[in-house]
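Let's take a look inside this protein. We'll start with its aromatic rings and then move on to its nonpolar core.

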Amino acid sequence: MDGLPVPWITLVIAGQVWWGHLHGERRRLCQQDWLCQVCGLLLPDSAAVFVADGRIVSDTAVHRRCAALALTVCPVLSRPQRPMALATAESDDLLADGVPYRRGGHLGYAARWSLRPRDRDRR
Ligand SMILES: [Zn+2]
């Protein structure tokens, strides 16, 4: 759309792209089935999450190659007032609404994701 790739998770209504707005059901599916928010395909065990202000952005994960594309072309992710970082994440690294994330879990809604605090014995 307008020369930009439209992420799978971006809301599109009647052909109009709502940049910066997320498709709620697709976000939920990304969480439930460990799908990339950019391309909608299955993620490898080790993926990436966008982090800003210490929080996971959009509560979903991405392929590293999709993250690189998004950081290059996405006007929402490249806003200088809210710098983005990428963190490597496996499903065991995540909390969903404060409890350990479980792939394939059927919450019926999109949970708030956060990174588990790392202890000295991990990694
Ligand atoms: Zn992807």
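## Aromatic pairs

Rings of Phe, Tyr and Trp (for Trp, its six-membered ring) pair if their centres lie within 6.5 Å; planes under 30 degrees apart count as stacked, over 60 as edge-to-face and the rest as tilted. This is a predicted model, where local features need pLDDT of at least 70, side-chain atom pairs count only at pLDDT 80 or more, and totals for chains, interfaces and linings use all residues. Residues are numbered from 1 along each chain as its sequence is written, and side-chain values use heavy atoms, with hydrogens and water left out.

So how many aromatic pairs does the structure hold? It holds three. Take Tyr101 and Trp113: their ring centres sit 5.0 Å apart with planes at 65°, so this pair is edge-to-face. Tyr101 is in the loop between strand 7 (99–100) and strand 8 (113–115), while Trp113 is in strand 8, so the pair ties together parts twelve residues apart in sequence. Strands (E, at least two residues) and helices (H or I, at least four) are DSSP runs, numbered from the N terminus.

Trp34 joins Tyr101 and Trp113 in one aromatic cluster. Are Tyr101 and Trp113 buried or exposed? Tyr101 is buried, at 9% relative accessible area, and Trp113 is buried too, at 2%. Buried means under 20% relative accessible area, exposed over 50%, and partly exposed in between (1.4 Å probe, protein chains only).

## The nonpolar core

A nonpolar core is a set of buried Ala, Val, Leu, Ile, Met, Phe, Trp, Tyr and Cys residues joined through side-chain atoms within 4.5 Å. The largest one here has 27 residues, and those touching the most other members are Trp34, Val49, Phe50, Ala61, Val62, Leu94 and Trp113. Strand 3 gives the most to this core, with six residues.
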